[in-house]
Amino acid sequence: MVLMQANSIVRPIFALLLLSSFLLIIYNFSAITARVPSSLTNVVSAGGHSRFHRPNTGSSLKGHDPLLEPEKGPAGKLYGPGEINRTSATLLSLVRNNELDGMLQSMKDLQETWNNKFNYPWTFINDEEFTQEFKDKTTLAAGNAKTSYHTIPKEDWDIPSWIDPDLMKESVEMLEEKKVQYASLKSYHQMCRWNSGKFYHHPALKDIRWYWRVEPKVHFFCDVDYDVFRYMEDNGKSYGFVINIYDSPESIETLWPNTLEFIAEHPEYIHKNNAMQWLTDSKNRPEHNLKANGYSTCHFWSNFEIGDMNFWRSKAYEDYFAHLDRAGGFFYERWGDAPVHSIGLGLFEDKDKIHWFRDIGYQHIPYFNCPSSPKCHKRCQAGQFTDGQGLDQEDCRANWFEMAHMD
């Protein structure tokens, strides 16, 4: 593209080119979909769960939330402190020095409610060196758990060479016009890309299988008396979540078209017990599906994740991430790690291996996961999804319960 000096000329030309590219992707929808084998259509049409009946309240579960029922914890053998050896796992935080106070708050809650019993190590990662103050205070907050501090390799954090800076600049301006949050924050785009497809290759994690992602300024309310990593490993789970919401469709308009392109090329990667219905639902919040070009925008809110890094390291997911990375949507749009992880899981993993940790009380502003349990000590309100105004419709758990399961 030839860049002209006059911005008044450049921008209309750029907008036309961007629109043309976008329309070309949309135009190819039917062709791409047609290339997906019909056997997949038969697989993904199955779904539902007999234990959940959707209330007539759209997305909202207010007043009908399963969390209002007495919480008993997950089924099966649960190992308490000292009952079994720890597995290969860490508490993982991508955090900056200026987020120290928020990190200490999160650590205090999680140590008190869970990790003081098990002492899994904390791994802190930053795109710059940690200060001695950060190290000293987090080491103290970790109690008897070990701590380690690492930086991200420059080549994994920097914007890739194939991203056009002028195109990115113009794209950001268009995203801002659509009021896409964090659109102009370069580090946010870099963080989303790193969390999507780089973190599990960090040298500090190469010999570790399981991680619990912990962000600054989150709260943990309820005592958890079993080893959650051993629960996941012993029960054949690969991913655990607490909050399941809709995304901003304006931030991911071409994510699903690019995904369709990938699965048309690699139908062998689709798991027979996938969650395609959940990913493509258009009955609930149809405007989201329309704006996101076929994607419901439902996703596991990834500020909380308990996951098996071997899934992210699988060939299916690695090839998928590489495809998305070359498409440029982490920088030309604002593809987040939450929808990317969720689509990867929904397509390439057995949905029965995805677990809702309903017993873990959690808050990341403005959303909650709060069970009805004496172990929460009335620190949160059972069944409360949000303390924000007009946000109950952002809850996508009803879709997951109806189209996947409640386990």
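**Exercise 1. Work out how many residues of helix H10 (residues 255–265) are buried in this predicted model.**

Start with the cut-off: a residue counts as buried under 20% relative accessible area. Now go along the helix. Leu255, Trp256, Pro257, Asn258, Thr259 and Leu260 are buried, and so are Phe262, Ile263 and Ala264. That gives 9 of the 11 residues in H10, so the helix is mostly covered. For background, 54% of the 407 residues of the protein count as buried.

**Exercise 2. Describe how H10 packs on helix H14 (residues 315–327).**

Two packed helices are described by the angle between their axes and the distance between the axes. Take the distance to begin with: the axes of H10 and H14 come within 10 Å. Next, the angle, which is roughly 130 degrees. That value makes H10 oblique to H14, because angles have to be over 145 degrees to count as roughly antiparallel, and 65 to 115 is the roughly perpendicular range. As for handedness, H10 passes H14 in a right-handed crossing. Finally, pick out who does the touching. From H10 come Leu255, Asn258, Thr259, Glu261 and Phe262. H14 brings Ala316, Asp319, Tyr320, His323, Leu324 and Ala327 to the contact.

**Exercise 3. Find the residues that touch the most other members of the largest nonpolar core, then look at the surroundings of Trp312.**

The largest nonpolar core has 62 residues. Within this core, the ones touching the most other members are Phe199, Trp278, Trp312, Tyr320, Leu347, Phe348 and Trp400. Tyr320 should ring a bell: this residue is also part of H14's contact with H10. Now zoom in on Trp312, leaving out residues up to four places away in sequence; the partners are Phe199, Tyr200, Tyr211, Tyr239, Glu305, Tyr317, Glu318, His341 and Leu345. There is also a second, separate core of 39 residues, with Phe124, Ala145, Ile245 and Tyr362 among them.

**Exercise 4. Lay out the sheet that contains strands E5, E11 and E12, and say which strands stand at the edges.**

Put the strands in order: E5-E11-E12, an open sheet with antiparallel pairing. Then count partners. E5 (219–220) and E12 (367–369) each have a single partner strand, so they stand at the edges, and one side of each is left without a neighbour in the sheet. Now check one pairing up close: 2 bridges join E5 to E11 (residues 362–364). Here Phe220 stands opposite Tyr362 of E11. Tyr362 has turned up before, as one of the residues in the second core.

Note on methods. Residues numbered from 1 in each chain as written. Predicted model: local features only at pLDDT ≥ 70, side-chain atom pairs only at ≥ 80, totals over all residues. Heavy atoms only, no water. Pairing = 2+ DSSP bridges. Helix = DSSP H or I, 4+ residues; strand = E, 2+ residues; numbered from the N terminus. Buried < 20%, exposed > 50% of the residue type's maximum accessible area, 1.4 Å probe, protein only. Core = buried A, V, L, I, M, F, W, Y, C linked by side-chain atoms within 4.5 Å. Contact = heavy atoms within 4.5 Å. Axes fitted to C-alpha atoms, helices over the stretch in contact; angles between N-to-C directions. Parallel < 35°, antiparallel > 145°, perpendicular 65-115°, else oblique. Left-handed = near helix turned anticlockwise from the far one by under 90°.
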